[in-house]
Amino acid sequence: MAVLTRGFRGRSQDRGDQRLPPGQYDVGDGFPVLSAGPTPRTPPARWDLTVHDQTGELRRWNWEEFRALPREALSVDIHCVTTWSKFDTRWEGVSLDTLLQDAPATARHVLASSDGGYTTNLPLEELTGGRAWVVDTYEGQPLAPEHGGPARLLVPHLYLWKSAKWVRRLTLLPHDEPGFWETFGYHNHGDPWREERYSGD
Ligand SMILES: Nc1nc2c(c(=O)[nH]1)N[C@H]1C(S)=C(S)[C@@H](COP(=O)(O)O)O[C@H]1N2
Ligand SMILES: [Mo]
């Protein structure tokens, strides 16, 4: 009996370790809120999501149009640079493959901009191929304002500061342009498996 118990603990411990990037811990049922400023509250009637390039607006969806786009459900592990990770978080939303399908051929980078002024930059190729979404549903419920509702970017393979809450605009750029935390010393890329926490890591 004791042997079986030890064996079971050993296996589940190994499984958890394999899912934890270096320097991270499993936060369990908690879901910390990390916001650089107050929570903006944009009602659906005044909400839109736009795709821009340097010449101006390329696409725009109001709330109803966004909700009518092809939707996906996903279950992913998320990793915050402040060292908590959360396993098996369930979201629903629209793939960036859908939102960026008309991207101009010169586009290489994306600057995501949010209500409240937050920005973050990402390579375009890491937002396509089924790796990024704009989500509006968390665990079957409308995404709470403090976690980015009505809709946030979700890029689970990068540290969570890249997942802009309250996202409103995706700007396609031929060059890279650092966002809010990237300007204040966070790593430009932010891969948790390479522990790209701060510039210079
Ligand atoms: N608009 C906006 N998005 C943001 C932030 C923010 O301050 N403003 N914080 C980022 C950081 S540092 C993290 S860790 C996650 C936190 O998401 P959560 O509050 O849902 O846990 O949101 C990211 N997206
Ligand atoms: Mo963060």
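Strands are DSSP runs of type E with at least two residues, and they are numbered from the N terminus. In this predicted model, Pro38 lies in the loop between strand S1 (25–26) and strand S2 (48–53). Pro38 has a relative accessible area of 76% and is therefore exposed. Its C-alpha atom is separated from that of Leu160 by 18 Å. Along the chain, Pro38 and Leu160 are 122 residues apart.

The chain as a whole contains 4 helices and 11 strands. Its C-alpha trace spans about 65 × 40 × 35 Å along the principal axes. A compact globule of 201 residues would have a radius of gyration near 17 Å. The chain has 18 Å, which agrees. Of the 201 residues, 49% count as buried. The accessible surface comes to about 10300 Å². Carbon and sulfur atoms account for 51% of that surface. Contacts were also examined by sequence separation. Among those with a separation of 6 or more, 66% join residues 24 or more positions apart.

The largest pocket has a volume of about 500 Å³. Its lining is made up of 29 residues. Leu34, Ser35, Ala36, Tyr118 and Trp181 lie nearest the centre of this pocket. By class, the lining has 18 nonpolar residues, 8 polar residues and 3 charged residues.

Two buried residues in strands were examined in turn. Asp136 is placed in strand S8, which covers residues 133–138. The relative accessibility of Asp136 is 3%, under the 20% limit, so Asp136 counts as buried. Its contacts beyond four places in sequence include the aromatic residues Trp63 and Phe66. Arg67, Arg71 and Glu92 are also in contact with Asp136. So are Gly93, Gln141, Pro142 and Leu143. Pro150 and Ala151 complete the list. Asp136 also lies 7.6 Å from Trp91, C-alpha to C-alpha. In sequence, Asp136 and Trp91 are 45 residues apart.

Pro150, one of the contacts of Asp136, has a backbone feature of its own. The peptide bond from Gly149 to Pro150 is cis. Its omega is near 15°. Pro150 sits in the loop between strand S9 (141–142) and strand S10 (152–154).

Thr119 belongs to strand S7, which covers residues 119–123. Thr119 has a relative accessible area of 17% and is therefore buried. Outside its neighbours within four places in sequence, Thr119 is in contact with Leu111, Ala112 and Ser113. Gly179, Phe180 and Glu182 are also in contact with Thr119.

Gly116 lies in the loop between strand S6 (109–114) and S7. The relative accessible area of Gly116 is 82%, over the 50% limit, so Gly116 is exposed. The C-alpha atoms of Gly116 and Leu49 are separated by 14 Å. These two residues are 67 positions apart along the chain.

Positive phi values were found at two residues other than glycine. Thr83 has phi near 95°. The place of Thr83 is in the loop between strand S4 (72–79) and strand S5 (84–95). At 27% relative accessibility, between the limits of 20% and 50%, Thr83 counts as partly exposed. Glu195 has phi near 50°. Glu195 is in the segment after helix H4 (180–183). With a relative accessible area of 30%, Glu195 is partly exposed.

Asp97 is located in helix H3, residues 96–99. Asp97 is partly exposed, with a relative accessible area of 30%. Beyond residues up to four places away in sequence, Asp97 touches Leu127, Thr128, Gly129 and Gly130. The C-alpha atoms of Asp97 and Ala132 are separated by 8.0 Å. Along the chain, Asp97 and Ala132 are 35 residues apart.

Conventions. Residues are numbered from 1 along each chain as its sequence is written. Chains are lettered from A and ligands numbered from 1 in the order in which they are written. This is a predicted model: local features need pLDDT of at least 70, side-chain atom pairs count only at pLDDT 80 or more; totals for chains, interfaces and linings use all residues. Side-chain values use heavy atoms; hydrogens and water are left out. On a 1 Å grid over the protein atoms alone, a cavity is a set of points where a 1.4 Å probe fits but cannot get out, and a pocket is an open set with protein on both sides within 12 Å along at least five of seven lines; lining residues have an atom within 4 Å of a point. Grid points are joined across faces, edges and corners, and a volume is the space filled by probe spheres set on the points. Ala, Val, Leu, Ile, Met, Phe, Trp, Tyr, Cys and Pro count as nonpolar, Asp, Glu, Lys and Arg as charged, and the others, Gly among them, as polar. The radius of gyration is taken over C-alpha atoms; the globule rule is 2.2 Å times the number of residues to the power 0.38. Buried means under 20% relative accessible area, exposed over 50%, partly exposed in between (1.4 Å probe, protein chains only). Contact means heavy atoms within 4.5 Å. Accessible areas come from the Shrake-Rupley method with a 1.4 Å probe; for residues, only the protein chains shown count as cover.
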